[in-house]
Amino acid sequence: MTPPPSSAGKTWDAIVVGAGHNGLVNACYLARAGLDVLVVERNDWVGGAATSRSLYPGFLYSNCSYVCSLLRPEIMRDLELPKHGLQVVPYEGGVILKQDGGYLGTFRDHDAHRREIGRHSLRDAEAYDRYSAEVIRQCRFIRPFLLRTPPDPTSLKPRDVQELLYLGRKFYDLTETEMADTVRFWTMSIAEFLDEFFETDVVKAGFCISGIIGTALGPLSPGTAYVLLHHYMGDVDGAIGAWGFARGGMGAISESLASSFRASGGTVRTGASVDKVLVENGRATGVVLDGGEEIRGRLVVSNLDVKRTFLKLLEEPQLPADFVKKVKNFKIRGSSGKVNIALDGLPDFPALPPSAPFLRGDMHFTDSVERMEGAYDDWKAGRWSADPFLDMMIPTTIDPTMAPPGKHFMSCFVQYCPPKVEGHDWTDAERDGFAKTVVDQIAEYSPNFKDLILHMEVRTPREIERETGLTEGNIFQGELTFDQLLFNRPVPGYAQYRAPIGGLYMCGSATHPGGGVMGAPGRNAAAEVLRDLKKPAKDMSDAYPVL
Amino acid sequence: MPTPSFDAIVVGGGHNGLAAAALLGKAGRRVLLLEAADAVGGAARTVDLAPGFRVPEIAHLANRLHPEVVRRLDLKRHGLAFAATNLATTSLSVDGRPLTLAGAFGERLEGDIAEAERVAWAALRGKLLRFSGVLAPFLSQVPPRLKNGGIADMMTLGKLGLGIRRLGRDDMREFLRMVLMNIADVLDEEITDDRLRAAVAFDAVLGTSLGPRSPNSLMTLFYRLAGQANGVQAATALPRGGMGAVVAALASAATASGVVIRTGAGVASILVEDDRATGVVLASGEEIRAPLVASAMNPATTLLSLVGARHLDTGLVRRLTHVRSKGTVAKLNLALDGPPPFTGLGAEGLTGRLVTAPSLQAIETAFDAAKYGRYSDEPALEITVPSATDPALAPAGQHVVSINAIYAPFRLKPDSEAGREAFEARILAVLERHAPGIGSRIVAKDFLTPADIERRHRIPGGHWHHGELSIDQMFMLRPVLGLAQYATPLAGLYLCGAGSHPGGGVSGAPALNAVSRILADGKGSSLFAAGGKSRR
Amino acid sequence: MRRALPREHFEKPLWHTPFHPRIAALMTHEQWYGWGGYLSPQVIRDEEMEYFAIRNAASLFDVSPMVKYRIAGPDAEAYCDRLTVRDVSKLKPGRVHYTAWCDDEGKVLDDGTLFRFSPTEFRLCCQERHLPWLLDSAIGYDVEIAEVTEDIAALSLQGPTSYAVLRDAGFAGIETLKPFDIRAFETAAGPVTVSRTGFTGDLGYELFVPPDQALALWDLLWTAGQLHRIVAIGFAALDLARLEAGFIMAGSDFVPAEHAIRADRRRSPYEIGLGWLVALDKPRHFNGKRALAAEKAKNAFRHCLVALDIDGNVPAEHALVYHRGKREVGHITAAAWSPTVKRNIALASMTRPYGDTVVNDLWVEIYALRELVYSKSLVRARIVERPFFNPKRRSATPPGVF
């Protein structure tokens with residue numbers, strides 16, 4: 001815990017509540033623009049859900065978020081994150097293990113990947129390029145909007161009208177087919193979308209993965225095609241849709257941000273839980289910590305999700321009734337859990353050829369769209385999936401820093417996992433039952449897996465919320481459905497990062513463009529703060545042009 | 001005998017085919033309408049179930065017959081009358097506490113329900129009606145091209161934008177937020193009463209491959225609410241004489257405008273010469289020529305089977321083969337030797353529309369089964385007792401009951417006759433629970449799964465709408481990109497059935513729009529120069 | 001296509017063709033590249049010598065990686081006619097033609113050669129993979145389509161002495177084989193299908209055998225070729241020869257429409273100099289016909305492909321083309337100094353009307369790397385006829401012995 005800085009009684013230019021990656025990105029930009037910024041964080045460490053924690057001797061756990069792709073290159077460069085220690089290494093392959101003993105791998109090499117799909121279907125192998133082209137076309141269309149404040153379509157202010165026109169023009173630049181594809185991407189289910197390209201179930205299941213991760217929807221739910229785009233919008237050094245590991249775990253991202261922030265003169269105070277936002281004369285003027293300490297600031301930026309910000313840090317009467325209702329109705333649905341495991345060695349997967357790079361990437365055990373959808377049905381009924389979908393990684397196959405030599409850290413992202421079990425709070429026994437489905441699933445394909453387990457951290461939405469403060473443990477701070485995207489995120493009329501209270505801003509993933517360790521909400525919110533202060537944004541790049 | 005020559009051939013004598021033929025006839029064209037079955041009417045027919053018992057074979061309610069079709073064809077003069085308008089919907093409950101949504105889309109709630117719930121419902125209902133009202137004008141519009149469409153298309157899009165703007169700021173925000181939501185989330189935000197939630201969710205998902213929790217299921221409710229019956233938005237009505245009366249009125253209007261109707265004349269193929277449609281070939285081998293062919297059949301059937309992929313580009317073929325059109329509704333028609341004994345429902349209640357769905361979650365569970373090719377163990381039902389309103393449909397004191405049941409997967413896994421029978425039994429079991437003793441009163445029945453509907457009516461997938469009403473298959477994308485303006489790549493060939501915008505239901509709207517497109521195309525062409533002035 | 005066995009495709013993603021042992025034995029500099037998933041020689045010994053073998057003697061190039069589809073069935077002709085832009089009813093059995101195929105919007109998906117072996121059997125050879133498109137195009141046709149790339153080993157024997165090589169190798173009657181003819185020959189290496197086709201614009205043949213006959217065929221040609229200065233070549237030499245011949249290549253001079261990410265990169269046949277292929281008047285409908293007819297009627301082409309003769313001798317690869325030295329009007333898709341015609345030649349994709357009606361005052365901005373420094377020059381370019389090189393021996397039947 002950081003001791004309180006010896007600046008009692010001082011008024012900060014800005015107080016950022018929560019040292020998640022977006023809070024830190026926001027704070028960095030504000031500090032670089034010359035503001036005197038304080039970040040207050042409840043935990044004793046920074047990073048929110050982008051952390052590396054030592055939960056077992058000798059091991060670092062990326063215990064929440066576990067892979068990196070979406071962090072905008074503009075932000076990494078603006079904030080000099082590599083100088084502050086950030087390194088992102090792409091991963092090498094991936095695999096889906098099939099119930100019949102077979103597998104479908106992914107390879108970075110185009111020919112190898114085509115032939116791998118061709119083992120299952122020649123037609124699908126040759127359909128792959130057309131599918132990729134279609135996805136990339138849509139990503140190229142969306143990308144420029146990530147670093148722009150969404151316009152209010154009901155507003156006639158010049159800035160909103162101008163921005164709407166920009167959006168309209170970009171849309172009109174598309175061909176008619178691309179426009180139709182845009183509509184299709186925003187409204188179709190990922191499974192139906194894939195049906196138009198592929199015939200093999202396991203191939204479709206492979207592409208469905210990005211359509212469901214982090215959402216409380218199944219692959220057959222309309223809208224999941226967009227979720228896929230959301231996961232493809234990132235890149236690793238220009239390789240669109242590629243994912244990688246942050247060296248030293250996801251905490252390396254937060255640590256580099258914190259370091260960059262401090263280098264710009266910012267102050268981080270950990271172990272300081274904010275109880276209330278101070279509001280005087282309708283303006284936010286600081287925060288009150290648990291225990292009553294008051295810290296004053298000319299403005300407050302909240303990195304917390306909207307429910308936590310407005311329903312916990314503020315009182316209902318301080319806010320417009322309609323706004324409160326919208327916030328209450330904002331859909332933050334816990335749909336995933338996490339099982340983090342320290343392993344005594346690398347597990348065997350006898351079905352996989354040892355020469356393949358499959359363990360140096362994402363591994364899955366759900367080989368059909370139906371099984372994936374079935375896992376979702378359990379969630380809808382308020383249960384964890386009996387046959388869960390796992391996005392499993394062993395980052396230590398690439399990153400030597402996270403475990404002692406020869407030992408491994410395994411991260412299992414698990415869907416679906418409800419925020420409450422059939423309406424009641426999770427019990428520890430239920431949590432263990434949830435973990436068992438995960439361990440059993442892996443053990444089905446890896447006979448020595450159970451014996452290698454040294455330590456296991458099991459996190460249902462309850463544990464995730466407890467540690468990170470993410471309501472219901474939702475990794476995106478709110479569902480990525482159209483009613484909560486763009487100008488609707490988080491609440492129509494309040495999508496431009498400003499809260500209904502003067503001097504209070506939002507910068508978390510609950511704002512546009514949404515979740516994933518992207519940093520865009522934090523950066524965009526900083527742009528709005530500085531616009532209000534009429535201060536030029538220093539070191540803030542516009543979105544790189546899409547050539 | 002010289003074959004009379006026609007200006008246009010309409011393929012398919014369902015309500016849209018009849019409407020298109022009649023509208024073209026009114027515009028002075030000499031029209032031949034060809035229907036494969038022995039009678040016109042398609043899925044809107046009223047048929048004999050047993051001696052003295054007449055039932056709506058598939059469609060059993062009028063909730064979207066387009067007023068412009070009624071007006072232009074003067075259907076009232078041709079015998080269209082309603083036995084009941086503004087039908088109430090009653091959400092049945094096994095414990096005998098039915099909730100009745102009286103008037104159009106629950107204008108009034110009748111039954112024991114909390115006052116707060118009434119207030120919340122009134123607000124939500126108002127909002128949903130306003131929002132669907134924004135979309136209503138587009139039911140009778142030729143969808144614009146997304147690009148390079150010209151000024152008229154820009155105007156149409158502009159009108160949509162303006163319609164949304166006119167809602168006012170708060171409503172506009174709500175509209176843009178809610179438009180792609182699912183009905184369950186919408187109801188979760190406002191309504192707690194299970195009966196009410198179930199009844200509204202049921203309306204949203206009936207006839208679609210969506211569950212209440214599937215995103216976009218609000219849009220299908222908007223589609224329903226954008227319709228009207230007898231001048232009242234979102235209302236439901238029963239024509240006198242059953243749904244067949246709508247068909248009869250359309251047929252009468254068609255005949256009056258000179259349309260020649262030939263039944264028992266299935267079209268085997270559409271003649272194509274020099275990249276234009278020049279007529280049809282019947283199953284008998286008979287060739288009939290006309291410079292214009294309008295098909296009310298399914299778009300994929302029309303283009304892939306009747307025209308043939310050889311005349312089309314591969315991209316279009318690809319899109320047509322991917323149109324999602326798997327029906328989810330089974331139909332069970334019953335003849336009873338007495339009134340159906342629904343618990344807690346008086347004789348008055350029988351004249352309305354009954355819905356059995358214990359809760360929204362129950363509908364969702366019913367839907368889950370269908371995703372995997374299983375029928376719902378606890379199907380949700382929409383029940384009408386047409387003879388309660390129109391006693392002529394059954395012998396005195398006896399009744400016919402018409403039931404839509406969801407969810408019925410198009411293809412059961414495994415596909416078997418036993419599965420079909422088991423589903424029928426599940427429907428009867430649900431019915432029995434709400435109307436104990438009804439089973440012993442059945443004297444005749446007819447059960448149609450989507451597969452049966454496909455067989456009987458040449459509707460692919462047995463889908464009510466000839467293609468799922470999902471946003472990627474709506475408006476400018478219905479049936480597929482490039483065909484949404486009713487014209488096809490072949491000159492002289494048009495689509496005018498439910499597979500085109502705006503979709504299914506007994507509306508006549510696709511025909512209305514198609515004919516307006518046909519007439520616009522005909523302007524200036526020598527072919528129709530004469531037709532224009534001989535408007536009758 | 002054979003389904004890959006587990007492992008072999010990722011442990012060695014570039015597979016070996018059936019001729020690999022012979023090529024590997026000749027290879028001195030290990031200059032390989034990947035062609036469609038196969039290890040293919042870029043240069044075997046000496047690029048310049050390999051080029052001159054094409055123009056001066058006989059060259060042997062392994063074209064096995066070329067993608068091949070077998071199309072067979074009662075509707076095969078109707079199907080091919082619908083698929084491609086040329087009139088396939090005019091393609092007689094035993095003949096090949098060069099063709100292209102388009103999507104609905106009339107944009108080129110690929111170009112290639114269509115072989116007709118019999119009234120009901122065809123083979124389509126091309127650069128890109130199209131199985132889904134070919135299968136979807138077959139809806140409504142009684143036709144079978146199979147990917148047969150791996151079932152057929154193929155060699156391209158090109159150059160003035162190529163006829164003599166075949167004659168001496170025992171291809172009896174080869175002298176009567178006319179350009180674009182196909183015929184089967186009984187040889188010491190077993191039955192070999194030969195077409196008088198190629199990608200060099202010179203006298204030449206392409207030979208097809210089952211993979212297990214591949215090495216025997218190579219050896220047969222190699223032995224017979226010794227007196228005729230046969231040389232095994234890599235792609236670099238071929239690429240130069242094809243430019244002299246004015247041939248275009250998918251992925252180089254145009255982007256296949258289905259894989260184009262940027263819509264403005266797609267081209268209609270008219271925009272890449274393939275307008276002469278498009279048989280708008282053929283009786284059957286074909287993919288893209290309506291769009292192409294409309295484009296032609298409205299003269300709505302946005303681009304055109306031109307052959308350029310550029311001042312100086314510095315190859316203009318990747319250069320931009322300017323009008324009056326100022327306005328950017330196109331870009332070079334392929335360029336080289338031609339050793340045979342002694343001109344600085346290039347193909348360029350131009351934005352109309354430049355290259356079409358505005359043909360004068362065109363300039364090319366060339367960046368030439370000279371001792372680590374780019375030296376920039378703006379030089380004049382003139383539009384000239386394609387091909388740059390078109391020797392009489394290419395089409396003479398019987399071919400001469402050179």
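In this predicted model, Glu472(A) is partly exposed, with a relative accessible area of 27%. That label follows because 27% falls between the 20% limit for buried residues and the 50% limit for exposed ones. Along the chain, Glu472(A) sits in the loop that runs between helix 16 (461–468) and strand 22 (504–506) of chain A. The backbone here deserves a second look: phi of Glu472(A) is positive, at about 60°, even though the residue is not a glycine. For readers new to backbone angles, most residues other than glycine have a negative phi.

Chain B offers another case of this kind. Tyr486(B), also not a glycine, has a positive phi near 75°. Its place is the loop between helix 16 (450–457) and strand 22 (493–495) of chain B. Is Tyr486(B) buried or exposed? With a relative accessibility of 0%, Tyr486(B) counts as buried, since the cut-off for that class is anything under 20%.

Chain C brings a further backbone feature, the cis peptide bond. As a point of reference, most peptide bonds are trans. One cis bond links Arg386(C) to Pro387(C), with omega at about -15°. Another leads from Thr397(C) to Pro398(C), and there omega is near -5°. Pro387(C) belongs to the segment that comes after strand 19 (373–384) of chain C, and Pro398(C) is likewise found in the segment after strand 19.

Attention now turns to the place where chain B and chain A meet. The size of an interface is often given as the accessible area lost when the parts come together. For chain B and chain A, this buried area is about 3,500 Å², and carbon and sulfur atoms give 55% of it. The contact draws 43 residues from chain A and 35 residues from chain B.

How many salt bridges cross the interface of chain B and chain A? The rule finds 12. In one of them, the side chains of Lys380(A) and Glu364(B) meet with 2.3 Å from N to O. Polar contacts join 23 residue pairs between the two chains, counting residues at pLDDT 80 or more. On the side of chain B that touches chain A, helix 5 (169–178), helix 6 (183–190) and helix 13 (360–371) each supply at least two residues. Helix 5 of chain B gives the largest share, 6 residues. Sorted by class, this side of chain B holds 18 charged, 12 nonpolar and 5 polar residues.

Definitions and conventions: Residues numbered from 1 in each chain as written. Chains lettered and ligands numbered in written order. Predicted model: local features only at pLDDT ≥ 70, side-chain atom pairs only at ≥ 80, totals over all residues. Heavy atoms only, no water. Helix = DSSP H or I, 4+ residues; strand = E, 2+ residues; numbered from the N terminus. Buried < 20%, exposed > 50% of the residue type's maximum accessible area, 1.4 Å probe, protein only. Contact = heavy atoms within 4.5 Å. Buried area = accessible area lost by both parts, 1.4 Å probe. Salt bridge = Lys/Arg side-chain N within 4 Å of Asp/Glu carboxyl O. Polar contact = N/O pair within 3.5 Å; in protein donor to acceptor, adjacent residues only side chain to side chain. Nonpolar A, V, L, I, M, F, W, Y, C, P; charged D, E, K, R; others polar.
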